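Biologist: I have this model open beside its sequence, and I would like a close look at a single part of it. Could you pick a helix, walk me through it, and then place it in its surroundings?

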Amino acid sequence: MVRASWLPKLVVAPSFALALLFIYGLIAWNGYLSLSASRLLPNYEFAGFDQYVNLFESERFRVALSNMAVFGTLFVGGAMAIGLLLAILLDQKIRAEGVLRTIYLYPMALSFIVTGTAWKWILNPGLGVEHLVRQWGFEGFTFDWLIDPDKAIYCIAIAGVWQSAGFVMALFLAGLRGIDDSIVKAAQVDGASLPRIYWRILIPSLRPVFFSTLMVVSHLAIKSFDLVMALTAGGPGFATDLPATFMYAMAFSRGQIGLGAASATVMLALVAAIVVPYLYSELRVKK
Amino acid sequence: MSRAVVHRALLWAALLLFAAWFLTPLYVMLTTSLKDMQQVREGNLLSLPSDPTLASWAKAWSSACTGIDCGGLKPFFMNSLLMVVPAVAVSTAIGAINGYVLSKWRFRGSETMFAMLLFGVFMPMQVVLLPMSQVLGWLGIASSIWGLIVVHVIAGIPSTTLFFRNYYVGLPDELVKAAMLDGAGFWRIFTRIVLPLSTPILVVTLIWQFTNIWNDFLYGVVFSGADSKPITVGLNNLANTSSSVKEYNVDMAAAMIAALPTLFVYIVAGKYFVRGLTAGAVKG
């Protein structure tokens, strides 16, 4: 490595300072807002943990947290399962692999707003899937999950899995391709069947990829915002609120800045709990 | 029939079924956008338009209502273009220089700084929304395209730096050392040796930033004003504007318009997009 002089430091200083200030300075500022009495306007009068007490007593936030648990489980579980399955299927020396991979992955190039708008049309109870199945001859078929407060969250999970499964596939496929061929050949010589090779050798050696994928997908689940806004806007009522939409509603339309800041801090804590151990282990292994 | 043939058939059936599942929404969007409302009501999600028309596309582009405004998506599309070009260019340039320093000119504390920067790739942006809107207000660029550009540039620095740094780590240090012996300095080495070797990562980063910034909704909805809203906000407003008759065909045409730029880039340079996706997940 080249000994550094003053020039490189000077060159990166402005953008580093800006980015670190953006990240940690604003986190601290937001943290302070969450301890203040701010409502419609920022008000820097210290109010202790009042906002957090209000937050966890708020029914809407509790709904948002339990929705996040439901959505997170379905979204992460669904995307991981389908992604792994797709990766294994595509790993069978498929001639059209490139085309299929392109098809499985294109939703990742779309905005969640586009995905949400499309799925809103597909799942709408009037002319969408319900209409289609009725035209097929099942007259009594109803599918109104999108406007059912208890089921709408499942619609968001369906659209989320559709969008992200290909991404998980890409990560697992890269992992599978990185495994040394000779292990598989040796197992084949020993007469092991293909499912057994996957189950006993290949999937276990995907463990690091599995954890990094799990980390990325779970943090996406916590940050989910666009998809909900486009598909249900948190409705009916606030039945499909997630922490991110709760934060947006409080901070920018309900005039509850302190409460919004507190919910943002809760989101930060959740993401940090997942990401910091991961980053720590990734950066440590490398040295 | 041998077992191998049966297995192969099952494998292909599964692969094609998944392909259908992924393609159906796009098919539905496209066919719906080519129908008029009568065809939408008479047909169903999967039926082809009996009399294809581009009227919904024209309406979505120039006369559909987004809230109280009825000028279609055109102004939003233009805002997104004006925002995305400078934001992508500047954040990528900064990332290249940062990555160069972090890989070839390490100094005490540079690794720690990089680690601290990495958290910015993952953090929930909700924590910066409230303070940032105040900062933009002080700078006098709240509710403007300039404000959005600034936010996208700063928020993009962690990932662009990460991309370039990880790529440059793979370039042999001997290249830099040899150039130094020849008397080349910091900038000369960068422009003459490192940059010409950077094409792949440059493409990856440009595509990654373009896709992310074009598709962003959160900053767009929070930091934009009446005439600086990006396309995603326009689409969301259009699709959620309540009118007496819900025009799903116009919604779908609008969704297609918002999707086309990133979809086009994906089809032309998908390989690089996928590299960005995997590079963003597996660090170090």
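Modeller: Here is a walk along one helix and the loop after it, followed by the chain, its domains and its partner.

Please keep in mind that this is a predicted model. The part I would choose is helix α6 of chain B, which covers residues 126-139. Let us begin with its length. Its 14 residues should span 20 Å at 1.5 Å a residue, and the end C-alpha atoms are 20 Å apart, so expectation and model agree. The helix does bend along the way: α6(B) turns by about 30° at Met132(B).

Now look at which residues of this helix are buried. In α6(B) these are Gln126(B), Val127(B), Val128(B), Leu129(B), Leu130(B), Pro131(B), Met132(B) and Leu136(B). Met132(B) therefore appears twice in this account, as the place of the bend and as one of the buried residues. It helps to recall some helix geometry here. An α-helix has 3.6 residues a turn, so residues three or four places apart point the same way. With that in mind, you can set Met132(B) beside Leu136(B), both of them buried.

What comes after the helix? α6(B) is followed by Gly140(B), a residue with a positive phi near 75°. A little further on, in the loop between α6 and α7 (145-169) of chain B, you will find Ser143(B). Ser143(B) is not a glycine, yet its phi is positive too, near 55°. As background, most residues other than glycine have a negative phi. Ser143(B) has 17 other C-beta atoms within 10 Å, so it counts as partly exposed.

There is a useful companion to this serine in chain A. Lys93(A), also not a glycine, has a positive phi of about 50°. Lys93(A) sits in the loop between α3 (59-90) and α4 (97-105) of chain A. Because it has 6 C-beta neighbours inside 10 Å, Lys93(A) counts as exposed.

Another loop of chain B is worth a stop. Ala64(B) lies between α3 (55-62) and α4 (74-104) of that chain. Ala64(B) counts as buried because it has 26 C-beta neighbours inside 10 Å. Leaving aside neighbours within four places in sequence, the residues in contact with Ala64(B) are Lys59(B), Cys70(B), Gly72(B), Leu238(B), Val250(B) and Ala254(B). As for Ala239(B), 175 residues separate it from Ala64(B) in sequence, while the two C-alpha atoms are 9.8 Å apart in space.

Stepping back, let us see the chain that holds α6. Chain B has 13 helices and zero strands. Its radius of gyration is 24 Å, whereas a compact globule of 284 residues would have one near 19 Å. The C-alpha trace of chain B spans about 75 × 70 × 30 Å along its principal axes. Of its 284 residues, 49% are buried. Among contacts in chain B between residues at least 6 apart in sequence, 75% join residues at least 24 apart.

The domain assignment divides chain B into domain 1 (3-53) and domain 2 (74-281). Their centres, taken over C-alpha atoms, are 33 Å apart. Where they meet, eight residues of domain 1 of chain B are in contact with eight residues of domain 2 of chain B. On the domain 1 side, α1 (3-33) and α2 (37-42) of chain B are the elements that give two or more residues. α1(B) gives the most to that side, with four residues. The residues of that side comprise four nonpolar, two polar and two charged.

Finally, there is the partner chain. Chain A likewise has 13 helices and zero strands. Its C-alpha atoms fill a box of roughly 75 × 75 × 30 Å along the principal axes, and 46% of its 287 residues count as buried. In chain A, 68% of the contacts between residues at least 6 apart in sequence join residues at least 24 apart. The contact between the chains takes 78 residues from chain B and 85 residues from chain A. Helix α13 (residues 248-281) of chain B gives the most to the chain B side, with 15 residues. That side divides into 56 nonpolar, 15 polar and seven charged residues.

How values were computed
Residues numbered from 1 in each chain as written. Chains lettered and ligands numbered in written order. Predicted model: local features only at pLDDT ≥ 70, side-chain atom pairs only at ≥ 80, totals over all residues. Contact = placed C-beta atoms within 7 Å. Nonpolar A, V, L, I, M, F, W, Y, C, P; charged D, E, K, R; others polar. Domains from an automatic or database assignment. Buried ≥ 20, exposed ≤ 12 C-beta atoms within 10 Å, placed from the backbone. Rg over C-alpha atoms; globule rule 2.2 N^0.38 Å. Expected span 1.5 Å × (residues − 1). Bend = angle between axes of the 7 residues up to and from the residue.
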